[in-house]
Amino acid sequence: MSDGSACSSSQEEIAELRQRVAELDAFFERSLAMLAMFKRGGHFMRLNQAWERTLGWSVAELTGRHYLDLVHPDDRPATMALAEHAAAGRPVVAFENRWLCKDGSYRYLRWDAALADPEGRVHVCAQDITEQREAEARAKIYEDTILNSRTGMIVMHLEEPGNPAALRM
């Protein structure tokens, strides 16, 4: 009789494990963040759909591909240095670089990476910050224009009402 209860207990544990794995898989796949696992050496092992939504490459096209194939050539040295940092067991936090999209454009990604296990696999979480970077660049242009102007200037947004006093000038 004890053999039957041990078998039943094992089956319940297996069912519970399967449920937990299914929940983790759903979390991984549905995440808005770009989640990935890299094999030792830098090849994509697993990624979620956010990569496809962001870069245009399908998960199948990216799986097995080396990540440096997608990193902008100017960003590769710093990216490789930080990948070595992560592979040595030191976490990488808020690193930014440019990644190639399927349409040939580049998007800025901010990512975190950590060594996952002794076999050298690395887990990565990335976010597309391209729009933020573009807004910062526009703000810098406006700031430079205003600060370097030798004459008085009024800056107005054409789609929004301006300062009433400035409009009277």
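Lys 102 is a good place to start: with a relative accessibility of 44%, this residue counts as partly exposed. In this predicted model, the side chain of Lys 102 meets that of Glu 61 in a salt bridge, with 2.8 Å from N to O. The pair links distant parts of the chain, 41 residues apart. Lys 102 sits in the loop between strand E3 (92-100) and strand E4 (106-115), while Glu 61 belongs to helix H3 (residues 59-62). Glu 61 is partly exposed as well, at 34% relative accessibility.

From that loop, let your eye move on into strand E4, where you will find Arg 107. Which residue does Arg 107 meet in a salt bridge? The partner is Asp 128, and the N to O distance is 2.7 Å. Asp 128 lies in strand E5 (residues 122-128), so this pair ties together parts that are 21 residues apart in sequence. Are these two side chains buried or exposed, or something in between? Arg 107 has a relative accessibility of 22%, and because the buried class ends at 20%, Arg 107 counts as partly exposed. Asp 128 is also partly exposed, with a relative accessible area of 33%.

Salt bridges can also share partners here: Glu 96, Arg 110 and Arg 133 are joined in this way into one network.

Now turn to helix H1, which spans residues 2-30. Here Glu 16 forms a salt bridge with Arg 20, and their closest N and O atoms are 2.8 Å apart. Both residues lie within H1, four residues apart, which is about one turn of the helix. Glu 16 is partly exposed at 43% relative accessibility, and Arg 20 is partly exposed with a relative accessible area of 49%. The value for Arg 20 stays in the partly exposed class because exposed means over 50%.

With these pairs in mind, step back to the whole protein. How many salt bridges does the structure hold? There are nine, among them the pairs we have just visited. The secondary structure comes to six helices and five strands. If you read along the sequence, they follow the pattern α-β-β-α-α-α-β-β-β-α-α.

Finally, consider the surface and the contacts. Of the 169 residues in the protein, 27% are buried. The protein exposes about 11600 Å², and carbon and sulfur atoms supply 55% of that area. As for contacts between residues at least 6 apart in sequence, 32% join residues at least 24 apart.

Notes
Residues are numbered from 1 along each chain as its sequence is written. This is a predicted model: local features need pLDDT of at least 70, side-chain atom pairs count only at pLDDT 80 or more; totals for chains, interfaces and linings use all residues. Side-chain values use heavy atoms; hydrogens and water are left out. A salt bridge is a side-chain nitrogen of Lys or Arg within 4 Å of a carboxyl oxygen of Asp or Glu. Helices (H or I, at least four residues) and strands (E, at least two) are DSSP runs, numbered from the N terminus. Buried means under 20% relative accessible area, exposed over 50%, partly exposed in between (1.4 Å probe, protein chains only). Contact means heavy atoms within 4.5 Å. Accessible areas come from the Shrake-Rupley method with a 1.4 Å probe; for residues, only the protein chains shown count as cover.
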